[in-house]
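Please open the complex in your viewer and keep the sequence panel beside it. The stops below go from one selection to the next, with a note on what is to be found at each.

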Amino acid sequence: MSLQQIERPFFVGHEPRRQKSVAGLLRQASEAADGFLARYGMLFSFLTLWQVASSLGWINAAVFPPLNAIVTALWDGLVGGALLDDIAISLQRSGTAFVAAVLVAIPVGLIMGQVRAVERALDPILQVFRQTSALALYPVFILLLGLGEASKIFVIFWATLFPLLLNTIGGVKEVDKKLIEMARVYGASRLTVFRRVVLPGAVPSIFVGLRLSATTALLLLIASEMIGANKGVGFQVMNAQYNFQIPLMFAAILLLAALGLIANFALVALQRRLCRWSEVIG
Amino acid sequence: MTIAQPAQRGEVSIRDLSKSFTINGRSLNVLKGLDLDVKPGECLVIVGASGSGKTTLLRVLAGLEQADGGRVMIDGAPVSGVGAERAVIFQEPRLLPWLNVLGNVTFGLEVRGVARAEAEERARGYIRLVGLSDFEDAYPRQLSGGMAQRVGIARALTVQPELLLLDEPLGALDAMTKITMQEELFRIWREENVTMIVVTHDLEEAVYLADRVLILPKEKGDTTRLIDVDLPRPRDRSEVRFVRHREALLREFGLH
């Protein structure tokens with residue numbers, strides 16, 4: 001008896017396609033609706049409650065305007081172009097900082113994870129920097145770099161650097177030693193072990209860092225734009241509040257949430273492409 | 001009259017081998033003054049209680065550990081570090097999760113600089129030998145334990161070693177799969193004409209596979225023993241002589 005016959009059922013394959021019938025389609029549709037409700041039901045109820053409570057005056061409509069007013073403000077801002085400028089400048093700031101952090105953190109993290117002496121030397125200073133709030137350092141950066149773009153980009157860069165750096169180091173260090181030993185048995189050089197075993201093994205952890213950093217980048221973007229800026233989505237949130245344009249304020253907040261979701265979605269999609277072999281948690 | 005035969009390789013010669021570890025400041029002699037010769041094409045099985053140094057001996061042979069004293073020669077050359085004439089099969093399959101079966105089996109060859117097309121052609125032959133031709137594109141997480149271990153075996157065979165070192169290769173498998181895999185290992189050993197040194201806990205496995213069984217001592221005063229298993233192959237587990245051999249091994253461990 002051959003082994004395949006015993007073990008074949010373990011293989012994850014395609015199920016035979018179910019026969020289509022009206023009843024089957026209806027059942028599928030209701031299953032899909034169940035799934036949708038289970039996932040988005042709470043969000044939908046929350047938004048409905050907001051709309052109803054605001055329109056009927058259960059809550060102060062001046063502070064929590066109805067959703068249709070917020071969506072209208074968002075639409076006007078986008079079509080009129082006022083918000084588009086803000087989005088462009090905000091993306092430029094956070095994007096520049098994020099790319100710079102990626103270019104620094106990933107190579108440095110790979111080296112620190114791989115070479116013990118470098119990690120030992122850099123780890124204490126890294127821990128001190130990491131525990132120092134980037135926002136607390138913002139005044140220092142302003143002193144050094146002025147109130148312009150440079151200090152804003154730098155504070156975002158600073159805050160996004162650490163999650164990515166630490167996750168890259170962790171990813172490299174947590175690569176299974178047994179796999180490295182296996183590669184060595186086949187005569188792999190240090191460079192080959194790094195290229196063929198360590199680097200691919202660290203990719204999932206690097207992606208965790210990228211996603212954390214993207215979130216941090218948006219967080220620090222807003223904070224930096226609330227101080228000494230005259231453009232940007234974060235500025236718009238503050239400015240709209242000063243001028244009591246509450247629907248516009250919420251529109252800007254909504255925009256920020258959307259930017260965060262899009263960034264995360266893009267990174268998850270990229271990770272799925274690069275790491276088809278592992279389960280990606282979205 | 002002598003008939004010219006291709007020189008068969010995979011000969012192991014160990015003289016006065018010793019190895020100790022320091023654990024919590026105490027030095028622990030794992031191997032002491034071990035002598036051993038393994039003939040080309042032989043299947044030697046190493047058994048012994050936990051801590052008797054079975055795995056250490058195998059790791060020294062693989063070049064993953066350095067001996068403290070003595071000499072280890074393979075085909076007349078002293079062992080220093082890993083070598084192309086040896087391959088190791090571990091207890092865990094140790095597959096790279098981001099490569100599919102074909103990619104994992106070609107890994108050893110690619111590391112050694114064999115061109116991809118040639119590596120894949122050779123790999124396919126060994127994937128067929130272990131019965132996984134339909135699963136070339138599958139990823140390790142889609143495989144059962146037995147299948148994954150067979151991928152590991154194919155990877156080791158693909159580099160065409162003269163000496164195959166197996167460290168409890170079937171230790172993590174269930175009883176049913178284990179028996180089929182023992183038959184598989186025997187078949188591969190016979191077809192590939194390779195020298196095999198197998199570490200195991202399973203005495204039945206030892207009798208099934210071995211030309212000779214090496215029993216490593218547990219206590220300090222005990223001696224290393226070598227037992228010949230001269231049974232016809234393929235071996236029948238239910239046969240009287242098989243059972244007697246197994247009982248003799250059990251007695252060595254004071255269990256029967």
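Two strands are taken to pair if DSSP finds at least two bridges between them, and that criterion underlies the first stop in this predicted model. Select Ser18(B) and then strand 4 of chain B, where the bridge partner of Ser18(B) is Gly69(B). Widening the selection to strand 1 and strand 4 (residues 69-74) of chain B shows the two running antiparallel, joined by 5 bridges.

Next, add strand 2 of chain B, which pairs with strand 1 (residues 12-23) of chain B in the antiparallel sense over 9 bridges. Strand 1 and strand 2 of chain B form a hairpin with 2 residues between them, and Asn24(B), in the turn, has a positive phi of about 50 degrees. Beside this turn one can pick out Ile23(B), whose bridge partner in strand 2 of chain B is Arg26(B). With the remaining strand displayed, the result is an open sheet of 4 strands in chain B, in the order 2-1-4-5 and with antiparallel pairing; its edges are strand 2 (26-38) and strand 5 (77-78) of chain B, each pairing on one side only.

Now move to another sheet of chain B, an open one of 6 strands with mixed pairing and the order 6-7-8-3-9-10. Strand 6 (86-89) and strand 10 (225-228) of chain B are the edge strands, each of them paired on one side only, and neighbouring strands of the sheet are turned against each other by 20 degrees on average, direction ignored. Within this sheet, select strand 3 (residues 43-47) and strand 8 (residues 195-199) of chain B, which pair in the parallel sense over 4 bridges; here Leu44(B) stands opposite Ile197(B) of strand 8 of chain B. Then show helix 4 (residues 145-158) of chain B, which packs on the sheet and touches strand 6 and strand 7 (163-167) of chain B, its direction making about 175 degrees with that of strand 6 of chain B.

For the next stop, colour chain B by domain, using 41-85 + 162-256 for domain 1 and 93-160 for domain 2. The centres of these two domains of chain B, taken over C-alpha atoms, are separated by 24 Å, and 10 residues of domain 1 of chain B are in contact with 9 residues of domain 2 of chain B. On the domain 1 side of that contact in chain B, helix 5 (residues 175-192) of chain B gives the most, with 5 residues, and by class this side has 7 nonpolar, 1 polar and 2 charged residues.

Turn then to chain A, which is divided into domain 1 (1-63) and domain 2 (69-274), with the C-alpha centres of domain 1 and domain 2 of chain A lying 32 Å apart.

The last selection is the boundary between the chains, where 23 residues of chain A are in contact with 26 residues of chain B. Which elements of chain A supply at least two residues each to the side that touches chain B? They are helix 1 (3-7), helix 8 (177-185) and helix 9 (190-226) of chain A, and the largest share, 7 residues, comes from helix 8 of chain A. The residues on this side of chain A divide into 14 nonpolar, 5 polar and 4 charged.

Before closing the session, colour by confidence: the mean pLDDT of chain B is 90, with 96% of its residues reaching 70 or more, and the predictor gives the complex an ipTM of 0.90 and a pTM of 0.82.

Technical notes. Residues numbered from 1 in each chain as written. Chains lettered and ligands numbered in written order. Predicted model: local features only at pLDDT ≥ 70, side-chain atom pairs only at ≥ 80, totals over all residues. Axes fitted to C-alpha atoms, helices over the stretch in contact; angles between N-to-C directions. Contact = placed C-beta atoms within 7 Å. pLDDT = per-residue confidence, 0-100. Domains from an automatic or database assignment. Nonpolar A, V, L, I, M, F, W, Y, C, P; charged D, E, K, R; others polar.
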